[in-house]
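Here's a walk through one fold, from its packed interior out to a few odd backbone spots. Have the viewer open as you read.

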Amino acid sequence: MSLPTSAPLYYQVGVFGLIRSKGSYLLIDPERLLLPGAAQLPGLLMDSASGAGLAEVGLRRALLSQVGLAVGPLMLVGSFAVRLPEGDSRLSLIFGSEYVSGILNPSAEVRRAEWHPPVQLRQLGAPEWLFSAIEEYQLSGNATEDQDERPRKAGFRSLLGRRGQ
């Protein structure tokens, strides 16, 4: 006796970057929405089997290609699962990190990218999962204190002649 066969459910994994700079977080307006809610983070859907560091490497590449930014160490600060309209499921992993270098330069797949302080995120209708990830990132101790300038290499002289920290 054979069991009835049905189409297997497809499980996707998405990895997204919660990028912080000077007390603000980066949101994008992508051509294709990958997260539920009004707020969208840069990131990607993983197409291949997982492996050691694959999510982090893919996320770093996505950040460079989508918004032109490099980030520091990545830390898992949130995750949630959603059922898609097609019946498939998606696990979304949110990694927090500090901005390190690059000029914010959205690619063709991103209509807009802007930094927003947490207070403004509420006004924009950001979903609760985003605030949970921000809180976890801030509690982790990895979030640096608000600074007047972006991080730079030690010994670097700015255009004003002040030495970098």
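Let's start inside. The largest nonpolar core of this predicted model has 21 residues, and the ones touching the most other members are Leu18, Leu41, Val77, Ile94, Leu121, Trp129 and Leu130. Strand 1, strand 2, strand 5 (75-83) and helix 3 (128-139) are the elements that give two or more residues to this core. Helix 3 makes the largest contribution, with 6 residues. Apart from that core sits another one of 17 residues, including Ile28, Leu59, Phe95 and Tyr99.

Isoleucine 94 is a good place to park the camera. Leaving out residues up to four places away in sequence, Ile94 touches Phe16, Leu18, Leu41, Met75, Leu76, Val77, Gly78, Phe80, Trp129 and Ala133. For another view of the interior, try serine 92, which lies in strand 6. Serine 92 is buried, at a relative accessible area of 1%. With the same sequence neighbours left out, its contacts are Gly14, Phe16, Leu35, Gly78, Ser79 and Phe80.

**The overall layout**

Zooming out, the protein has 3 helices and 7 strands. Reading from the N terminus, the order is β-β-β-α-β-β-β-β-α-α. Of the 165 residues, 41% are buried. Take the contacts between residues at least 6 apart in sequence: 66% of them join residues at least 24 apart.

**Two helices**

How well does the span of helix 1 agree with 1.5 Å a residue? Helix 1 covers residues 54-67, and its 14 residues should span 20 Å; the end C-alpha atoms are 20 Å apart, so the two agree. Its buried residues are Ala55, Gly58, Leu59, Ala62, Leu63, Gln66 and Val67. Looking down the axis of helix 1, these fall within an arc of 140 degrees, so they line one face. The general background is that an α-helix has 3.6 residues a turn, so residues three or four places apart point the same way. On the face of helix 1 turned away from the buried side you'll find the exposed residues Arg61 and Leu64.

Helix 3 has 12 residues and reaches 17 Å from first C-alpha to last, close to the 16 Å expected at 1.5 Å a residue. Trp129, Leu130, Phe131, Ala133, Ile134 and Tyr137 are its buried residues.

**Rings**

There are 2 aromatic pairs in the count. In one of them, tyrosine 99 and tryptophan 115 have ring centres 6.2 Å apart and planes at 85 degrees, so this pair is edge-to-face. Tyrosine 99 belongs to strand 6 (residues 89-102) and tryptophan 115 to strand 7 (residues 110-116), so the pair ties together parts 16 residues apart in sequence. Tyrosine 99 is buried, since its relative accessible area is 10%, and buried means under 20%.

A charged side chain also meets a ring: arginine 122 lies over the face of phenylalanine 131, at 3.7 Å from the ring centre.

**Positive phi**

Where does the backbone take a positive phi? Three such residues are set out here.

| Residue | Phi | Place |
|---|---|---|
| Glycine 68 | about 75 degrees | just after helix 1 |
| Glycine 141 | near 85 degrees | following helix 3 |
| Lysine 22 | near 50 degrees | loop between strand 1 (11-21) and strand 2 (24-30) |

Lysine 22 is the one to look at twice, as its positive phi occurs in a residue other than glycine. Most residues other than glycine have a negative phi. Is lysine 22 buried, exposed or partly exposed? With a relative accessible area of 43%, lysine 22 is partly exposed.

**Glycine 102**

One last stop is glycine 102, in strand 6. At 34% relative accessibility, glycine 102 counts as partly exposed. Which residues does glycine 102 touch, not counting those up to four places away in sequence? The answer is Gly68 and Leu69, and Gly68 is the glycine that takes the positive phi just after helix 1. The C-alpha atoms of glycine 102 and alanine 70 are separated by 6.1 Å, although these residues are 32 apart along the chain.

Note on methods
Residues are numbered from 1 along each chain as its sequence is written. This is a predicted model: local features need pLDDT of at least 70, side-chain atom pairs count only at pLDDT 80 or more; totals for chains, interfaces and linings use all residues. Side-chain values use heavy atoms; hydrogens and water are left out. Helices (H or I, at least four residues) and strands (E, at least two) are DSSP runs, numbered from the N terminus. The expected span of a helix is 1.5 Å times one less than its number of residues. Buried means under 20% relative accessible area, exposed over 50%, partly exposed in between (1.4 Å probe, protein chains only). The arc is that of the directions from the helix axis to the C-beta atoms. Rings of Phe, Tyr and Trp (its six-membered ring) pair if their centres lie within 6.5 Å; planes under 30 degrees apart count as stacked, over 60 as edge-to-face and the rest as tilted. A charge sits over a ring if NZ of Lys or CZ of Arg is within 6 Å of the ring centre and within 35 degrees of the ring normal. A nonpolar core is a set of buried Ala, Val, Leu, Ile, Met, Phe, Trp, Tyr and Cys residues joined through side-chain atoms within 4.5 Å. Contact means heavy atoms within 4.5 Å.
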